[in-house]
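User: Hi! I have a model open and would love to talk it through with you, one question at a time.

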Amino acid sequence: MKESDMYQPIKLYLERLGYTVYPEIELSSGGPRADIVAIQNEQLLIVEMKTSFGLAVMDQAYHWAAGGYAHQTYIAIPRRSHWEVPIIAQRALCSSGIGVLQVELQDNPYRSVEAYRMFEENRVRTHMNAEILGEAQQAQHIINILTPHHLNGPDAGGKAGGHISAHRLTMIRAQEYMEAAGDWVTPKQIVENIETHYFAQDKAASLKQALLQWGTDFCEYQVIGRRGMFRSKQL
C-alpha cells in the first residue's frame with residue numbers, strides 16, 4: 001500500500017462524519033504540507049499518512065498538534081495483523097493528544113459509486129482517539145485561506161497508485177449516466193446530470209477531453225448533427 005492509496009478511504013470516512021476534506025495543504029508559507037486537512041463547524045482536523053509507523057510520522061503530527069494548527073491531529077497507517085502501535089508510542093501520542101487511524105489493506109471490488117464509497121469508508125478504523133483542543137491559534141487562519149480550488153488539489157500522499165481519484169469517480173459517474181441514458185448524449189447533458197470534480201467554467205469541454213483520453217474502454221464517440229456525442233459501449 002502506498003500513502004496515496006490511503007487517501008480516498010480516509011477522505012470518504014471523514015466526509016461521512018460531516019467534514020470537508022482538502023488534500024496536500026501548505027499551512028504556512030514555505031513550510032511543510034499536511035497530507036489531509038478537514039473542516040467541520042470551524043473545527044480543523046489534520047491527518048498525516050505513512051505506510052509504516054515510526055518517529056518520522058510522530059514528529060510530523062506533533063508539529064501540527066503542538067503548534068496550534070489543528071483542533072485534532074491524527075496519524076494514519078495501514079492496518080497489519082502482525083503488529084500494532086507500540087505501547088510506549090501510544091503513551092507519547094496520548095500525552096500529545098494525537099490519535100491514530102488504521103486503514104485496512106483491501107482491494108475495492110465495487111464499481112458503482114455508492115457501493116464504492118461505503119466499502120472505502122468502512123476500511124478506516126480509529127485505533128486511538130485524538131484529543132479535541134478548545135483552542136488552536138493557527139486553525140482559523142488556515143480555515144480563512146482555504147478556497148474551493150484547494151478541494152481539487154492533488155490526492156494526498158502523491159498521485160501514483162491504484163486508488164480511485166476524484167477524476168476516476170467522475171468517470172464512473174459519467175459511465176453510469178450513459179448506461180442509464182441508453183442513447184447518444186452530449187458532454188453538456190452529462191455534466192448537468194452528474195457530480196464532477198471540475199471547477200473550469202466550461203465543465204462540458206473538460207469532460208469531453210477526459211472521456212476522449214480516458215473513457216475509451218467504456219464509451220464511444222461520434223459527431224451527430226455537428227455535435228460531439230458519447231454512448232456507452234454496453235449498448
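Here is a short set of questions and answers on this predicted model.

User: Happy to start broadly. How many helices and strands are in the chain?

Analyst: Good place to begin. The chain has 235 residues, and 45% of them count as buried. Among contacts with a separation of 6 or more, 65% join residues 24 or more positions apart. As for the elements, the count is nine helices and eight strands.

User: Which element gives the most to the largest nonpolar core?

Analyst: That core has 18 residues, and those with the most contacts inside it include Ile-10, Leu-14 and Val-21, as well as Ile-36 and Leu-45. Two or more residues each come from helix H1 (3-16), strand E2 (33-40), strand E3 (43-49), E4 and strand E5 (98-104). The top contributor, with five residues, is H1.

User: Is H1 roughly parallel or roughly perpendicular to helix H4?

Analyst: Two packed helices are described by the angle between their axes and the distance between the axes. For H1 and H4 (residues 113-121), the axes are 8 Å apart and the angle is about 95°. Angles of 65 to 115 degrees fall in one class, so H1 and H4 are roughly perpendicular.

User: How many charged residues are in the contact of H1 with H4?

Analyst: On the H1 side, the residues are Gln-8, Pro-9, Leu-12, Tyr-13, Glu-15 and Arg-16, and they meet Tyr-116, Arg-117, Glu-120 and Glu-121 in H4. Sorted by class, this contact has four nonpolar residues and one polar residue, and the number of charged ones is five.

User: Now for H2 and H3. Is H2 roughly parallel or roughly perpendicular to H3?

Analyst: The axes of H2 and helix H3 (residues 87-96) are 10 Å apart, with an angle of about 15° between them. Because angles under 35 degrees share one class, H2 and H3 are roughly parallel.

User: What is the handedness of the crossing of H2 and H3, and how many charged residues does their contact have?

Analyst: The crossing of H2 and H3 is left-handed. In the contact, Met-58, Tyr-62 and Ala-65 of H2 meet Ala-89, Ala-92, Leu-93 and Ser-96 of H3. The classes there are six nonpolar residues and one polar residue, and the number of charged ones is zero, that is, no charged residues.

User: Let's zoom in on His-71. Is it buried or exposed?

Analyst: His-71 sits in the loop between helix H2 (55-66) and strand E4 (72-79). Beyond its neighbours within four places in sequence, His-71 contacts several residues, among them Glu-42, Leu-44, Glu-131 and Ala-139. Its relative accessibility is 8%, and because the cut-off is under 20%, His-71 counts as buried.

User: Glu-42 came up there. What is its phi, and is it buried or partly exposed?

Analyst: Most residues other than glycine have a negative phi. Glu-42 has a positive value, near 65°, and its place is the loop between E2 and E3. Since its relative accessible area of 43% lies between the 20% and 50% cut-offs, Glu-42 is partly exposed.

User: One last residue: is Arg-226 buried or exposed?

Analyst: Arg-226 is not a glycine, yet its phi is positive, at about 70°. Arg-226 lies in the loop between strand E7 (219-224) and strand E8 (227-232). Its relative accessible area is 83%, and because the cut-off is over 50%, Arg-226 is exposed.

Terms used. Residues are numbered from 1 along each chain as its sequence is written. This is a predicted model: local features need pLDDT of at least 70, side-chain atom pairs count only at pLDDT 80 or more; totals for chains, interfaces and linings use all residues. Side-chain values use heavy atoms; hydrogens and water are left out. Helices (H or I, at least four residues) and strands (E, at least two) are DSSP runs, numbered from the N terminus. Buried means under 20% relative accessible area, exposed over 50%, partly exposed in between (1.4 Å probe, protein chains only). Contact means heavy atoms within 4.5 Å. A nonpolar core is a set of buried Ala, Val, Leu, Ile, Met, Phe, Trp, Tyr and Cys residues joined through side-chain atoms within 4.5 Å. Axes are lines fitted to C-alpha atoms, for helices over the stretch in contact, and angles run from 0 to 180 degrees between N-to-C directions. Angles under 35 degrees count as roughly parallel, over 145 as roughly antiparallel, 65 to 115 as roughly perpendicular and the rest as oblique. A crossing is left-handed if the near helix is turned anticlockwise from the far one by less than a right angle, and right-handed if clockwise. Ala, Val, Leu, Ile, Met, Phe, Trp, Tyr, Cys and Pro count as nonpolar, Asp, Glu, Lys and Arg as charged, and the others, Gly among them, as polar.
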